[in-house]
Amino acid sequence: MNLKRIDYKQLKNFSKHYRTKLLKISQNVPAIHVGGSFSCFDILNIIFNVFYRRNKTNFLLSKGHTAIAQYIVLNHKKIIKDKELDLYCKKSGKLGVHPEITTKGILASTGSLGHGLSIAGGISLRENNKLTFVVMSDGELMEGSVWEAVLMISSLKINNIVVIVDYNGLQSSTFSNDTHKTLYPIDKKFKAFGWDSIECDGHNLKNIFTSIKKKKKNRPLAIIAKTIKGYPVTFMMNKPIWHYRSPNENELKIAVKEINEK
Amino acid sequence: MRNKFSEVLSRLATKNKKIYIVVADISPAGKMETFQKKFKNRYFNVGVAEQGMVGLAAGLAIKGAIPFIYTIAPFVLYRPFEMVRDDLCYQNLPVTIVGMGSGTIYSSLGGTHMTQEDVSVCRSLPNLRVLCPSDPYELEECIKFCSKNKKGPIYLRIGKSGEKNLGDDLSDIWKYGKIRKIFQQKYKAKKKICILGYGPILKLALDIKSKFKLNFSLYSSHTIKPFDTSNMKKIFNKYDKIITLEDHSEIGGLASIVNELAFKYEFSGKIKNFSLKDKFINSYEKQSDLLDLHGISLKKLYKEIKNA
C-alpha cells in the first residue's frame with residue numbers, strides 16, 4: 001500500500017459516518033455498546049479500508065461486545081446488507097450484541113473476553129499465507145487466557161498476527177488503572193513475551209496506518225493504540241456509564257453535531 | 001489405549017492432511033513422538049496452557065482442519081471449560097477432545113487428576129457428542145470416526161494403558177451411536193441378566209465371566225451421546241435384570257440415562273447401578289481399592305449377578 005495514495009480526508013468521513021450510524025441504531029434497540037465502539041472505530045476503519053483483502057487477511061474482533069462497530073464497517077464494505085443491519089437486536093434479525101460465527105464476514109463467536117487471541121493463533125497457523133488482525137480491549141488483558149495466548153503465539157513462532165489493543169483505559173465498571181495499576185505499560189509486557197510492540201494514537205488514522213506498516217515478517221506485532229472511550233463526544237468521553245448506555249433524543253442531537261464538526 | 005491412540009492417529013494422518021493434534025505438555029508416556037516426527041507442521045505442543053490449546057484448535061477448525069486436542073482428562077476439559085463450551089460447542093466445530101486416563105484411572109494422583117463427572121458435564125453441552133470406548137478395538141473405530149467428522153465437537157473419553165480387547169469373533173462390530181453386544185448370555189437361563197457399561201471398567205465384567213463362569217450378557221454403550229434408545233428398548237424387553245457399570249458419578253452418566261429410559265418405557269424388571277458415589281474419595285495404591293470404596297468391586301458385582 002502506497003502511503004501517498006491513502007485519502008485520509010475520505011477515511012475521516014468514514015469514521016464520522018460509522019459513529020453517526022451507530023448512534024442512530026442505538027435509538028431503538030435494547031442493547032448496544034457505544035463507548036467501546038467509538039474508541040475502536042478508527043482502528044477498524046484503517047484495517048478494513050486500507051489493509052483488508054479477503055484472500056490476504058483475516059480479521060477477528062476479540063472484544064466481541066463492540067460487534068456493532070464491525071457490523072457497521074462490514075455494512076459499509078457491502079458484506080453485511082442494509083436490511084440485516086436494520087434488524088440489529090430485533091426479533092426477526094440475525095445480528096445480536098456479540099458476533100456470531102454464522103454471520104458473513106465474522107470469523108468467530110466472541111463475547112466472553114480472552115478467547116479471540118488463541119483462536120486467531122489457530123487461524124494464523126492454518127493460513128500462514130495471510131495476515132491476521134485481532135482487535136482486543138485493554139480491559140480484556142486482565143484475563144489470564146490472553147497471556148497464555150501471547151506466550152503460545154510467540155513460542156510457536158506464529159508470526160503472521162497483528163494485535164491492536166484498543167487502549168481506552170476503561171473497563172465496564174471503572175478505570176482499568178483503578179483495579180489493575182500494574183497492567184500498564186502494556187507494550188513492555190508483549191515485548192517481554194517475544195513480540196514486537198509499539199504505541200500509537202488510536203484516533204490518528206495516519207498513525208494507525210504507519211504502526212501497522214511496521215510489522216516485521218519474523219515476529220508477531222502488538223500495537224497499543226491509545227484511545228478514548230466515547231470519542232469524540234464530549235459528554236461521553238471517559239465516562240464509564242457510556243460503556244452500555246444509549247443517548248436520549250437531546251443527547252443524540254448534540255453527539256451527532258460534535259462527531260461531524262470534529 | 002494411549003498407545004493405540006497415537007498409533008492409529010499417526011496412521012490416519014498420513015492420508016488425511018487435515019488431521020492436526022494439539023497437546024498440552026503431554027508427557028513422553030503419552031506416546032505422541034511418532035506423530036510429532038512425521039507431521040511437524042500438524043503437531044503443536046502448547047505447553048502447560050490448556051485454554052490456549054482449545055482456542056488454537058478452534059482456530060484451526062474454523063479454517064477447515066480436523067484437530068484433536070489431547071492431554072489428561074481433567075486438563076483437557078475442566079481447566080479450559082469455557083473454551084470448550086464457547087469455542088468448540090457454541091461454534092459447533094469439528095474438534096475431538098481426547099481425555100486420557102479418565103474416571104478414577106489416576107487414583108494414585110488424587111482427586112485433582114480424576115474425572116468422575118466428565119460424562120455428566122459433557123452430556124449437558126449442546127452439540128457435544130460423547131464417545132467412551134471400552135477397549136482398544138473400540139478406540140480405533142472411534143478415532144476413525146472422529147477423523148472423518150466434519151461437524152461438531154466430540155469428547156473422546158479414553159483409558160490409559162494395558163487395556164485388552166473385550167470381544168471375540170461373535171461380538172458385534174463397533175457402530176457409531178449403537179450399543180455393542182460383547183457377549184451373549186447362554187440361551188437357557190432362568191433369569192435374563194445383562195451388564196451394560198462403558199470404558200475400561202468393563203474388564204470387571206469379563207473377569208467375572210472367566211473366573212466364576214456366570215451366565216449373563218455384556219453390552220458396551222460406547223456412544224453415550226447420542227444414546228442408542230432403540231437398542232435400549234430391546235434390552236428392556238429382553239432382560240429381567242439390568243446392571244449398569246461405569247467409572248463415573250451416579251449423577252448424569254449411564255445410570256441416569258438407563259434409569260430415566262426405564263421409567264419412560266415402563267421397564268418392569270430390576271436395575272442395579274454400579275457408579276461412583278457423589279463424593280470425593282481418595283485411595284492411593286490401586287484403582288480397585290478406590291472403586292471398592294465407591295461400592296464397585298468384583299465381589300459386589302458377582303453377588304449382584306449370582307443372587308439375581
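This passage walks through a predicted model of two chains, A and B, beginning with a sheet in chain A and ending with some individual residues of chain B.

In chain A, 5 strands come together as an open sheet. Their order across the sheet is 1-2-3-5-4, and the pairing is parallel. Strand 1 (57–61) and strand 4 of chain A stand at the edges with a single partner strand each, so one side of each has no neighbour in the sheet. From one strand to the next, the twist averages 20 degrees. A look at one pairing helps to fix the picture: strand 3 (residues 161–167) and strand 5 (residues 221–226) of chain A run parallel and are joined by 6 bridges. Within this pairing, A:V162 of chain A has A:L221 in strand 5 as its bridge partner.

Helices of chain A pack on this sheet. Helix 9 (residues 205–213) of chain A touches strand 3, strand 4 and strand 5 of chain A. The direction of helix 9 makes about 170 degrees with that of strand 4 of chain A. Helix 5 of chain A, in turn, lies across strand 1, strand 2 (131–137) and strand 3 of chain A, and runs at about 180 degrees to strand 2 of chain A.

Edge strand 4 of chain A offers a residue to look at in detail. A:D201 lies in strand 4 (residues 196–201) of chain A. Is A:D201 buried or exposed? With 14 other C-beta atoms within 10 Å, A:D201 is partly exposed. Setting aside neighbours within four places in sequence, A:D201 is in contact with A:N207 and A:K226. A:I254 makes a useful reference point, being 53 residues from A:D201 in sequence and 25 Å from A:D201 in space, C-alpha to C-alpha.

Another part of chain A shows two helices meeting. Two packed helices are described by the angle between their axes and the distance between the axes. For helix 1 (residues 8–25) and helix 3 (residues 67–76) of chain A, the axes come within 10 Å and cross at roughly 120 degrees. The two helices are therefore oblique to each other, and helix 1 passes helix 3 in a right-handed crossing. Helix 1 of chain A brings A:F14, A:Y18, A:K21, A:L22 and A:I25 to the contact, while helix 3 of chain A brings A:I68, A:A69, A:I72, A:V73 and A:H76. Sorted by class, this contact has 8 nonpolar, 1 polar and 1 charged residues.

Chain A also has a cis peptide bond, which joins A:Y231 and A:P232, with omega about 5 degrees. A:P232 is found in the loop between strand 5 and helix 10 (249–261) of chain A.

How many residues does each chain give to the contact of chain A with chain B? The contact takes 21 residues from chain A and 21 residues from chain B. On the side of chain A that touches chain B, helix 5 (116–126) and helix 6 (144–155) of chain A each supply at least two residues. The largest share of that side, 8 residues, comes from helix 5 of chain A. Helix 5 thus appears twice in this account, as it also lies across strands of the sheet of chain A. By class, the residues on this side of chain A divide into 10 nonpolar, 8 polar and 3 charged.

Chain B has loop residues of its own to visit. B:L166 lies in the loop between strand 6 (154–157) and strand 7 (180–183) of chain B. With 21 C-beta neighbours inside 10 Å, B:L166 counts as buried. Not counting residues up to four places away in sequence, B:L166 touches B:S134, B:D135, B:I182, B:L202 and B:L206. B:L218 is 52 residues from B:L166 in sequence, and the two are 9.7 Å apart in space, C-alpha to C-alpha.

Two residues of chain B other than glycine have a positive phi: phi is near 55 degrees for B:N92 and near 50 degrees for B:K213. B:N92 sits in the loop between helix 5 (81–90) and strand 4 (96–100) of chain B, and counts as partly exposed with 17 C-beta neighbours inside 10 Å. B:K213 sits in the loop between helix 8 (203–212) and strand 9 (217–220) of chain B, and counts as exposed because 7 C-beta neighbours lie inside 10 Å. Finally, the peptide bond from B:K225 to B:P226 is cis, with omega near 0 degrees. B:P226 belongs to the loop between strand 10 (223–225) and helix 9 (229–238) of chain B.

Technical notes. Residues are numbered from 1 along each chain as its sequence is written. Chains are lettered from A and ligands numbered from 1 in the order in which they are written. This is a predicted model: local features need pLDDT of at least 70, side-chain atom pairs count only at pLDDT 80 or more; totals for chains, interfaces and linings use all residues. Axes are lines fitted to C-alpha atoms, for helices over the stretch in contact, and angles run from 0 to 180 degrees between N-to-C directions. Helices (H or I, at least four residues) and strands (E, at least two) are DSSP runs, numbered from the N terminus. Angles under 35 degrees count as roughly parallel, over 145 as roughly antiparallel, 65 to 115 as roughly perpendicular and the rest as oblique. A crossing is left-handed if the near helix is turned anticlockwise from the far one by less than a right angle, and right-handed if clockwise. Two residues are in contact if their C-beta atoms, placed from the backbone, lie within 7 Å. Ala, Val, Leu, Ile, Met, Phe, Trp, Tyr, Cys and Pro count as nonpolar, Asp, Glu, Lys and Arg as charged, and the others, Gly among them, as polar. A residue is buried if 20 or more other C-beta atoms lie within 10 Å of its own, exposed if 12 or fewer, and partly exposed in between; C-beta atoms are placed from the backbone. Two strands pair if DSSP finds at least two bridges between them.
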